[in-house]
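The following note is offered to a colleague who is meeting this structure for the first time. Its points are best read with the coordinates open.

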Amino acid sequence: MNTPPHTTPPHTTTPDTATGPQPSAEPEPVFSVRGLWKVFGPKADRVPADKELGALGAAELRERTGCTAAVRDVSFDVRKGEVFVVMGLSGSGKSTLVRCLTRLVEPTSGTISIDGEDVLSMDTGRLRELRRHRAAMVFQHFGLLPHRTVLDNIAYGLEIQGVGRGERRDRAAEFVTKVGLDGLEHRRPGQLSGGQQQRVGLARALAVDPEVLLFDEPFSALDPLIRRDMQEEVVRLHQEEGRTMVFITHDLNEALKLGDRIALMRDGRIVQLGTPEEIVGAPADDYVRDFVRDVPREQVLTVRSAMRPALIGESQAGPALVPSATVHEAIEAVARTGENARVVEDGRCLGVVDRAGLLGVVAGIPAGTGKAVA
Ligand SMILES: Nc1ncnc2c1ncn2[C@@H]1O[C@H](COP(=O)(O)OP(=O)(O)O)[C@@H](O)[C@H]1O
Ligand SMILES: [Mg+2]
């Protein structure tokens, strides 16, 4: 695991980048990546093989070898049903990493498996099957076919798969509705807004029913309102279908909104992998801390970060909140009722949030310590 050690809040599981058997409660990972490197340039494979070269910074590595290490010793699992976000500034290696998953980019070293099957030993036929049926990529420019209708564009992926015309149309029509394009199925892409075109692209990827959807910054070019719409669409589709998604973005807010877990990349490495709450609440280093500095903490952190043990009598009084309630929601409840709120799970009171605890979280002071972390 290449993430520096950091304090993990007690209610969350540790990131599962360590090798070895998973606890049985964990679902089997879809993708499992270990020690992955992608180096561009001459004799690329000597870079991961040589500790000294592998440790060089980007400029020095280029000077000494003419190589660029886009992905450096990266390990992670993508769990079934989660939205796994890869976030980082432009050039940090996000696209390269995600392209390695289906070998659109050939990795330099390391291992990748999907549902336990080794991706690096797949032959051409198996790879084609992987890209078409199992892990479909949704790009920023969806590459819609201009002379085809919405319906036929959505059916296109199925056509490539060799699905018959009747079934194609039925399935495509189903996804027209799913992404909210009813009534527009006979238009051509040129007669649609940018946001509607994105929906066509999304429907096309969904219609082939892949096990995993891989998104490479699909909404970056959209204006903010349409972008928010599309993010909500992804959240909704994910909630309805539970489909596994790997979502790349350079936008922190998008990452926090969509990600069950986020891998934050810098210079080809994952500097932290965790839930939005872990990344914002316990940044692994100064880089991450700086990255999340302006995030409204009360909208990301949950009441677990703000609660203290209940005193005698307190566990019966005041508004009740679920443990996943945000601090923002707790502030509302406490302000509205004038009482401390209880955090309740399965009828049991886990703790109490009061004004001091809530203010402390907003100010970056963990409950009960009186010490600032950010
Ligand atoms: N085909 C390539 N040849 C050489 N260098 C590349 C190639 N593709 C990407 N890179 C370099 O790898 C690094 C990571 O790029 P990329 O994965 O596209 O980052 P991101 O998607 O985070 O913006 C960058 O320094 C980029 O210039
Ligand atoms: Mg990119």
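1. A residue is taken to be near a molecule if its C-beta atom, placed from the backbone, lies within 6 Å of it. The model discussed here is predicted. On that basis, the shell around ligand 1 consists of Phe40, Thr68, Ala70, Gly88, Ser90, Gly91, Ser92, Gly93, Lys94, Ser95 and Thr96.

2. Which elements supply at least two residues each to the shell around ligand 1? They are strand S2 (68-79) and helix H4 (94-101). H4 makes the greatest contribution, with 3 residues. By character, the shell around ligand 1 comprises 8 polar residues, 2 nonpolar and 1 charged.

3. Strand S2 also belongs to an open sheet of 4 strands, ordered S2-S1-S4-S5, with antiparallel pairing. S2 and strand S5 (117-118) stand at the edges with a single partner strand each, so one side of each has no neighbour in the sheet. Within this sheet, strand S1 (residues 29-40) is joined to strand S4 (residues 109-114) by 5 bridges in the antiparallel sense; Val33 lies opposite Ile112 of S4.

4. Strand S7 (residues 212-216) deserves separate attention. Of its 5 residues, 4 are buried, and the strand is thus described as mostly covered. S7 runs parallel to strand S6 (residues 135-138), to which 4 bridges join it, and Leu213 in S7 is the bridge partner of Ala136.

5. S7 pairs as well with strand S8 (residues 244-249), again in the parallel sense, over 5 bridges. Here Phe215 stands opposite Phe247 in S8. Together with helix H9 (residues 224-241), S7 and S8 make a right-handed β-α-β unit.

6. Why do the buried residues of helix H14 lie on the same side? In H14 (residues 327-337), Val327, Ala330, Ile331, Ala333 and Val334 are buried. Because these residues cover an arc of only 165° around the axis, they are placed on the same side of H14. In general, an α-helix has 3.6 residues a turn, so residues three or four places apart point the same way. Ala335 and Arg336, on the other side of H14, are exposed.

7. The surroundings of H14 complete the account. Its buried residues pack against helix H13 (297-300), strand S11 (320-321), strand S12 (341-345), strand S13 (348-353) and helix H15 (355-362). After H14 comes Gly338, which has a positive phi, near 75°.

Technical notes
Residues are numbered from 1 along each chain as its sequence is written. Chains are lettered from A and ligands numbered from 1 in the order in which they are written. This is a predicted model: local features need pLDDT of at least 70, side-chain atom pairs count only at pLDDT 80 or more; totals for chains, interfaces and linings use all residues. Ala, Val, Leu, Ile, Met, Phe, Trp, Tyr, Cys and Pro count as nonpolar, Asp, Glu, Lys and Arg as charged, and the others, Gly among them, as polar. A residue is buried if 20 or more other C-beta atoms lie within 10 Å of its own, exposed if 12 or fewer, and partly exposed in between; C-beta atoms are placed from the backbone. Two strands pair if DSSP finds at least two bridges between them. A crossover is right-handed if, with the strands pointing away from the viewer, the path from the first strand over the helix to the second runs clockwise. The arc is that of the directions from the helix axis to the C-beta atoms. Two residues are in contact if their C-beta atoms, placed from the backbone, lie within 7 Å.
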